[in-house]
Amino acid sequence: MKPISRRKFVSDSLKTAAVASLGSTMLFKSTEASSNAMVLQFSQVALPYTSSALEPYIDTMTMEIHYSKHHAAYIKNVNEAITAENIAFATEKDFFANTAKLSAKARNNGGGAWNHNFFWLSMKAGSATPSGKLLDAINASFGSLEEFKKQFSDAGMKRFGSGWAWLVSDGGKLKIGSTPNQDNPMMNVSEIKGTPLLALDVWEHAYYLKYQNKRVEYITNWWNVVNWDEVAKRAASL
Ligand code: MN3
């Protein structure tokens, strides 16, 4: 893969600044390694709450291990792969749009790095319910909030083994689906495609300490910590 030009870097930096100002999550930081070559690196967002903030729905120990061990490892490993394999995509969008070309290490850890940053920001203590345009869109697409929750929960329940449930916007249409492993809907290899609005981690490491094999109980309780304001912000920025 070719190193990107300085001009492209400047252009992407401006785009990054514009997106960041809308409050979206930019997960790459770019550093100039040598001449015009860019080395893209993922970074871990700071948890926007304490490890115990989502109790009793998500227990403190799970949150601590999930964030500081599992997620930190994905970040470290994808950055190693980017360096070792000279991966030179300028944006996360390009990185995931070219997933078919990536090594298993880059794909799995890149997905894990991005998905968890998105997941942490998808939650908050003291969740409310969606309202306004977001609720209108949910009602229009799924009939009701309850029906939406049922379909999204089913997507998480029916994902065999490890993976994620997603709400995405695909050309303005809301869709629910799931991905295996650390894949996400921005990947060109994904069955469900679109811009993620909400994600739920259904890997056993996300719930096993508290819920053991009861994934359904984890999912049911998780609705108590969904950050609907963040979901609305993501939908509004499209
Ligand atoms: Mn996880």
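**Cavity, salt bridges and surface**

Reader: How much space lies in the largest cavity?
Author: The space in the largest cavity is about 30 Å³. The model is predicted, with local features requiring pLDDT of at least 70 and side-chain atom pairs pLDDT 80 or more, while totals for chains, interfaces and linings use all residues. A cavity is a set of points on a 1 Å grid over the protein atoms alone where a 1.4 Å probe fits but cannot get out, and its volume is the space filled by probe spheres on those points, joined across faces, edges and corners. For the largest cavity that volume is about 30 Å³.

Reader: How many cavities of 30 Å³ or more does the structure hold?
Author: Residues are numbered from 1 along each chain as its sequence is written, and side-chain values use heavy atoms, without hydrogens or water. At a threshold of 30 Å³ or more, the number of cavities in the structure is 1.

Reader: Which helix gives the most to the lining of the largest cavity?
Author: Lining residues have an atom within 4 Å of a point, and among them are Ile58, Thr62, Met63, His66, Phe119, Trp120 and Tyr218. Helices here are DSSP runs (H or I, at least four residues) and strands likewise (E, at least two), numbered from the N terminus. Both α2 and α4 (104–121) supply at least two lining residues. With 3 residues, the top contributor is α2.

Reader: In what pattern do helices and strands follow along the sequence?
Author: The chain has 9 helices and 5 strands. Read along the sequence, they give α-β-β-α-α-α-α-α-β-β-β-α-α-α.

Reader: What share of the residues of the chain count as buried?
Author: Buried means under 20% relative accessible area, exposed over 50%, and partly exposed in between (1.4 Å probe, protein chains only). The accessible surface of the chain, from the Shrake-Rupley method with a 1.4 Å probe, comes to about 11,300 Å², and 55% of that belongs to carbon and sulfur atoms. Of the 238 residues, the buried share is 45%.

Reader: How many residues apart are Glu80 and Lys76 in helix α2?
Author: The pair forms a salt bridge, with the closest N and O atoms 3.0 Å apart; the term means a side-chain nitrogen of Lys or Arg within 4 Å of a carboxyl oxygen of Asp or Glu. Lys76 counts as exposed because its relative accessible area is 51%, and Glu80 as partly exposed because its value is 35%. Both lie in helix α2 at a spacing of about one turn, which is 4 residues.

Reader: Which helix holds both Asp154 and Lys150?
Author: Asp154 and Lys150 form a salt bridge whose closest N and O atoms are 3.6 Å apart. Asp154, at 27% relative accessibility, is partly exposed, and Lys150 is partly exposed at 47%. The two residues are 4 apart, about one turn, in helix α6.

Reader: Are Arg234 and Glu230 buried or exposed?
Author: Arg234 and Glu230 are a salt-bridge pair, with 3.5 Å between the closest N and O atoms. They lie 4 residues apart in helix α9 (residues 228–236). Both residues are buried.

Reader: Which residues do salt bridges that share partners join into one network?
Author: Side chains of opposite charge can pair when their charged atoms come close. The structure holds 8 salt bridges. Those with shared partners make one network of Lys76, Glu80 and Lys105.

Reader: How far apart in space are Val202 and Gly163, C-alpha to C-alpha?
Author: Val202 sits in the loop between β5 (195–201) and α7 (208–211), and it counts as buried because its relative accessibility is 0%. Leaving out residues up to four places away in sequence, Val202 touches (heavy atoms within 4.5 Å) nine-part surroundings that include Gly163, Trp164, Tyr207 and Arg215. Val202 and Gly163 are 39 residues apart in sequence, and their C-alpha distance is 5.6 Å.

Reader: What share of the contacts with a separation of 6 or more is between residues 24 or more positions apart?
Author: One pair far along the chain is Ala137 and Gly172, 35 residues apart, with C-alpha atoms separated by 9.6 Å. Ala137 lies in helix α5. For the chain, residues 24 or more positions apart account for a share of 66%.

Reader: Which residues make the nonpolar surface patch of about 290 Å²?
Author: A patch takes residues with over 30% relative accessible area and no salt bridge, and joins nonpolar side chains (Val, Leu, Ile, Met, Phe, Trp, Tyr) within 5 Å. Met61, in helix α2, is exposed because its relative accessibility is 52%. The patch is made by Met61, Ile65 and Leu209.

Methods
Patch = residues over 30% accessible without salt bridge, like charges linked within 9 Å, V, L, I, M, F, W, Y side chains within 5 Å. 1 Å grid on protein atoms, 1.4 Å probe; cavity = no way out; pocket = protein on both sides within 12 Å on 5 of 7 lines; lining within 4 Å.
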